[in-house]
Amino acid sequence: MKPKIFVTRQIPKPAMDLLFLHFDVEFNKEDRVLTKKEIVKGVKGKDALLCLLTDSIDAEVLDAEPNLKMVSNYAVGFNNVDVKAATHHGILVTNTPGVLTDATADFAFTLLLAAARRVGEAERFVRKGKFKGWGPLHFLGQSTEDATLGIFGLGRIGREVARRAAQGFEMKILYHDVQRVPDFEKEFGAKFVDKETLLRESDFVSLHVPLNPNTHHLIGEKEFKLMKPTAVLVNTSRGPVVDEKALAQALQEKRIFAAGLDVYEREPVIEKALLKLENVVLAPHIASATVKSRTDMGLLAVNNLVSAFNGIAPDCLVNRKVLAKSRMKVT
Ligand code: DGY
C-alpha cells in the first residue's frame, strides 16, 4: 500500500506525476488557497501533507491527524509551518532550498533596476498615451554606477544577488547577517557592517533574511530615517520583514527614492497607500516563478517525501531534532 498524501494545491505536472507514482494522492483540484477547515479535513487519514507558503500549518492542522508523519513545504521559506509543534509531534518538516536561488536573485535584480529606473511609472505613462517624445528630464532614475549594495541575510539568495551586483555591475557590497562569512568577503570584496552602517551607506538595500521574531519589521520608520534619499529598497524575502505602513510613508515623503516589492506584510492584501504611489514597483510574489524553478521546487518537495518514506532523512529536513522521536523511522 502506498502512503497517503494530501496536496493543498496543484504544483507543476512533472512533480504531480512523480507524486502519483509513489503515493496515494488526494489534492485540491481548484486553483485557490484552501481554508484552514479544508486543510484539517484533508490531512485526516493521511500520512503526509504537501503544502504551500500560503497555507498556515499550525498546531490545529498538525493535531488533526495522529498519524501525520511529514509536512513537505513547497517553498524555501517555512515560516508558515509551526516547526516547533511539528517537532513536538514527531512530524518531519522539509523545504525546497537551492532550486529557486537563481530565479529569485534574478528577480531581486529585476526589481532593483525597475525601481531605480522607474520602469513601472514609465510604463504606465506610455500606456496612458502620454509619451509625446524623448525629453532630457524625463524619468531620471538612479544609477548602478559606483553604487553600493547592502544585503541583509547572506544565505544562498543573498549571495547570488551579491554575485550579480559585484561581477555584473561592479558594485561595492556591504552585508549584515547573524554571522560573518569570510569566504564571501574574500570572493566579492564584501564588507561586513552593522545594520546602521549598511543603511547609511548603501544606494540599494536588498532583503534576504528568513522571517522570524528577530527579523519581523527589521526595516521600519527608524531604519528609513537612516537611509539615503536616493536609496532603493528591494524585498523578495517575506513581507513582514518590512513595516509596510512606515515604507509607504517613507516613499510618500521621498525619504527614500523607490522600492521594489515582491512580498507583502498581509499578503495578498497590500497597504492601500502603496497602491497609489508611483515610486514603488509591486510584483505578486513571483520571484521564483520560472517554469524551471517552480518545477524543480515541486520535484524536490516530492523527492523529500520519497526519501523519508524510504527511511532516509531528507537533505532538506528543517527540524533535524525530530529524528530522535519521529513518527516514522528515518536515518
Ligand atoms: C519561497 O520558496 O519561500 C518563495 O517565497 C517562493 O517564491
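How far does a polar side-chain atom of Ser288 lie from an oxygen atom of the ligand? The legends below get to that, and keep in mind that this is a predicted model.

**View 1. The protein splits into two domains.** Domain 1 takes in residues 4–97 plus 291–325, so to speak in two stretches, while domain 2 runs over 101–282. Their C-alpha centres sit 32 Å apart.

**View 2. Where domain 1 meets domain 2, six residues of domain 1 are in contact with four of domain 2.** Putting the two together buries about 450 Å², and carbon and sulfur atoms give 55% of that area. Over on domain 1, the residues that lose the most area to domain 2 are Leu53, Asn79 and Pro97, and together they make up 69% of what that side buries.

**View 3. A look at the polar side of the interface between domain 1 and domain 2 turns up one residue pair in polar contact.** Salt bridges across this interface come to zero. Sorting the residues on the side of domain 1 that touches domain 2 gives three nonpolar, three polar and no charged.

**View 4. The ligand has Leu53, Ala75, Val76, Gly77, Leu100, Arg238, His285, Ser288 and Met297 around it.** By class, this shell breaks down into five nonpolar residues, three polar ones and one charged. Leu53 turns up here around the ligand, and it is also one of the domain 1 residues that lose the most area to domain 2.

**View 5. Zooming in on ligand oxygen, a polar side-chain atom of Ser288 lies 2.7 Å from an oxygen atom of the ligand.** That settles the opening question. For His285, an N or O atom of the side chain is 2.8 Å from a ligand oxygen atom. Gly77 uses its backbone instead: a polar atom there is 2.9 Å from an oxygen atom of the ligand. As for cover, the ligand taken alone exposes 230 Å², and the protein buries 92% of that.

Notes. Residues are numbered from 1 along each chain as its sequence is written. This is a predicted model: local features need pLDDT of at least 70, side-chain atom pairs count only at pLDDT 80 or more; totals for chains, interfaces and linings use all residues. Side-chain values use heavy atoms; hydrogens and water are left out. Domain bounds come from an automatic or database domain assignment. Contact means heavy atoms within 4.5 Å. Buried area is the accessible area (1.4 Å probe) that two parts lose on being put together, summed over both. A salt bridge is a side-chain nitrogen of Lys or Arg within 4 Å of a carboxyl oxygen of Asp or Glu. A polar contact is a pair of N or O atoms within 3.5 Å; within protein, one must be able to donate a hydrogen and the other to accept it, and residues adjacent in sequence count only if both atoms are side-chain atoms. Ala, Val, Leu, Ile, Met, Phe, Trp, Tyr, Cys and Pro count as nonpolar, Asp, Glu, Lys and Arg as charged, and the others, Gly among them, as polar. A residue is near a molecule or strand if one of its heavy atoms lies within 4 Å of it. Accessible areas come from the Shrake-Rupley method with a 1.4 Å probe; for residues, only the protein chains shown count as cover.
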